[in-house]
Amino acid sequence: MTDSRYNVIVIGGGVVGLGVALEITRRFPRLRLLLLEKEDHVARHQSGHNSGVIHSGVYYKPGSMKARLCVVGAAAMVEFCREHNVPHNVCGKVIVATRADEVPRLEELRQRGEANGLTGLRLIGPEELREIEPHASGLQALVVPSTGVTDYALVCEKYAELISSRGGTILTSAAATGVRRLPNEIVVETPRGAFSTSALINCAGLHSDRIARMAGDDPSVLIVPFRGEYYDLVPERAALVRALIYPVPDPRFPFLGVHFTRRITGKVDAGPNAVLALAREGYRHTDISIRDLGGSLAFPGFWRMGRKHWRKAIDEWHRSLSKRAFVRALQVLLPEICEKDLIPGGSGVRAQALKPDGALVDDFQFVPSGKVLHVLNVPSPAATASLVIGKAIVDTAASDLGLS
Ligand SMILES: Cc1cc2nc3c(=O)[nH]c(=O)nc-3n(C[C@H](O)[C@H](O)[C@H](O)COP(=O)(O)OP(=O)(O)OC[C@H]3O[C@@H](n4cnc5c(N)ncnc54)[C@H](O)[C@@H]3O)c2cc1C
């Protein structure tokens, strides 16, 4: 027995699930759409706990989905914010090389950015860097003019408002607890009733692999939670940062390294680091889930990742537990900063897919299975790219799930 029948159900009210639902209501206005969110409001996890940066697309491998969707998605996000009065600012950023071995990597980033279609990228020396960011220090820097900032929680609010105004239904406090695949329909069970649908799109972020298993599929990856912790600059010292100051990222990891972000509110924060969390929604050190931890330890790829990256993991934990170590990492970019300039800020937990061979999945990953589509890896820059990720997922759903 089901309470209601829909043409399509989306699980997950983060920026990706909402982006997908928004695109469905735009392209297929006559379909009955239901979005299920387990929390009492949308954007309670990654989408409401991120840096708020509209990434330019400079980092990603040319030809990858990340590169393609980020560059187009950043322009679409700026346009969306403009059209719907969501606060945003295309302030540009600098990526700063502070060691000699990072200088050639900066040139590689410039070439990569140009290959991805970015314009206006410029390598500058220390004097010009000081004109842009008077307190930053480095040997060379790459100016990325198209980077911006917004507030993705507000973007999600606006997506949700548009979905509802176009006739879509968003049901909160409605965790999907079971998925049954019957010959002509799929039934999704929640504490607020059971709902049947012809097509299901799983955008459950930190729980997307579990939803895939619930739907009878083998996702072949494990979602590993990486917590990103922030410090806030005390207001008296916020003037140390004009916009966005980033280090040159370590090419072996998908994270960008701790950086400074002047948010759309004017508040400046430093971070996020990338600490292996002990729970999928582990926003604090003390959040430990035996179920999550047990699942990770039982996955062969987790041990393989550990063998490859144990040193980095220890460094990240050390920086997480020692403010002094965190500040030392920041002083490389901003030598004047000291411990008393920083107060603890918030945190977010990234959903990162891990393969059985211990490799972190780099690109976005959408996996169709019959009338179900699983969105298994949508890390940064997915908030930036959410409008065009929505389009790409709906393209796949239209051909593979038969949405029409
Ligand atoms: C610290 C940090 C900094 C970042 N910085 C940036 C940035 O500056 N720019 C950028 O572009 N990207 C950034 N990202 C990445 C970006 O935030 C994510 O890629 C994006 O938010 C992913 O969106 P999502 O909808 O997949 O996930 P989420 O926002 O996590 O949404 C998934 C939703 O599914 C719901 N859900 C889970 N299980 C169920 C269930 N059983 N039933 C119903 N609902 C369920 C959850 O409650 C959640 O609301 C950052 C991420 C983090 C964590």
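## A walk outward from Tyr 159

Let us start at one side chain: setting aside residues within four places in sequence, Tyr 159 is in contact with Val 15, Leu 18, Gly 19, Leu 22, Met 77, Phe 80, Ser 386 and Leu 387. Bear in mind as you look around that this is a predicted model.

Tyr 159 is a good doorway into the largest nonpolar core, which has 51 residues. Along with Val 16, Ile 24, Ile 201, Phe 366, Ile 389 and Ile 393, Tyr 159 is one of the residues that touch the most other members of this core. Several elements feed into the core with at least two residues each: the helices α1 (15-27), α2 (65-83), α5 (152-165) and α10 (386-401), and the strands β1 (4-11), β2 (33-36), β12 (193-202) and β20 (372-377). Helix α10 gives the largest share, with eight residues. There is also a second, separate core of 24 residues, and Val 143, Leu 233, Val 258 and Leu 333 are among its members.

Next, have a look at helix α9, which covers residues 323-331. Which of its residues are buried? They are Ala 325, Phe 326, Val 327 and Leu 330. In an α-helix there are 3.6 residues to a turn, so residues three or four places apart point the same way. The buried residues of α9 pack against a mixed set of partners: helix α8 (300-321) and the strands β13 (222-233), β15 (259-262), β16 (268-271) and β18 (342-354).

A shorter stop is helix α6, residues 208-214, where you will find Ser 208. Is Ser 208 buried or exposed? With a relative accessible area of 1%, Ser 208 is buried, because the cut-off for that label is under 20%. Not counting residues up to four places away in sequence, Ser 208 touches Asn 202, Ile 223, Val 375 and Leu 376.

Now for a sheet. Three strands make up an open sheet in the order β3-β8-β4, with antiparallel pairing. The edges are held by β3 (53-54) and β4 (88-89); each has a single partner strand, so one side of each is left without a neighbour in the sheet. Strand β8, residues 148-150, pairs with β4 over two bridges in the antiparallel sense. To place this by eye, find His 88, which stands opposite Thr 150 in β8.

What about the cysteines? The structure holds zero disulfides. Cys 70 is in none, and its nearest cysteine sulfur, that of Cys 81, is 14 Å away. Since the cut-off for a disulfide is a pair of sulfur atoms within 2.5 Å, that distance is no disulfide. Cys 70 counts as buried, at 0% relative accessibility, whereas Cys 338 counts as partly exposed, at 26%.

Finally, step back to the whole protein. Its secondary structure comes to 10 helices and 20 strands. The radius of gyration is 21 Å, close to the 22 Å that the globule rule gives for 404 residues, so the protein is as compact as a globular protein of that length. Along the principal axes, the C-alpha trace spans about 70 × 45 × 40 Å. Of the 404 residues, 56% count as buried. Among contacts with a separation of 6 or more, 74% come from residues 24 or more positions apart. The accessible surface comes to about 16800 Å², and carbon and sulfur atoms account for 54% of it.

Key:
Residues numbered from 1 in each chain as written. Predicted model: local features only at pLDDT ≥ 70, side-chain atom pairs only at ≥ 80, totals over all residues. Heavy atoms only, no water. Pairing = 2+ DSSP bridges. Helix = DSSP H or I, 4+ residues; strand = E, 2+ residues; numbered from the N terminus. Buried < 20%, exposed > 50% of the residue type's maximum accessible area, 1.4 Å probe, protein only. Core = buried A, V, L, I, M, F, W, Y, C linked by side-chain atoms within 4.5 Å. Contact = heavy atoms within 4.5 Å. Rg over C-alpha atoms; globule rule 2.2 N^0.38 Å. Areas by Shrake-Rupley, 256 points an atom, 1.4 Å probe, with all protein chains shown as cover.
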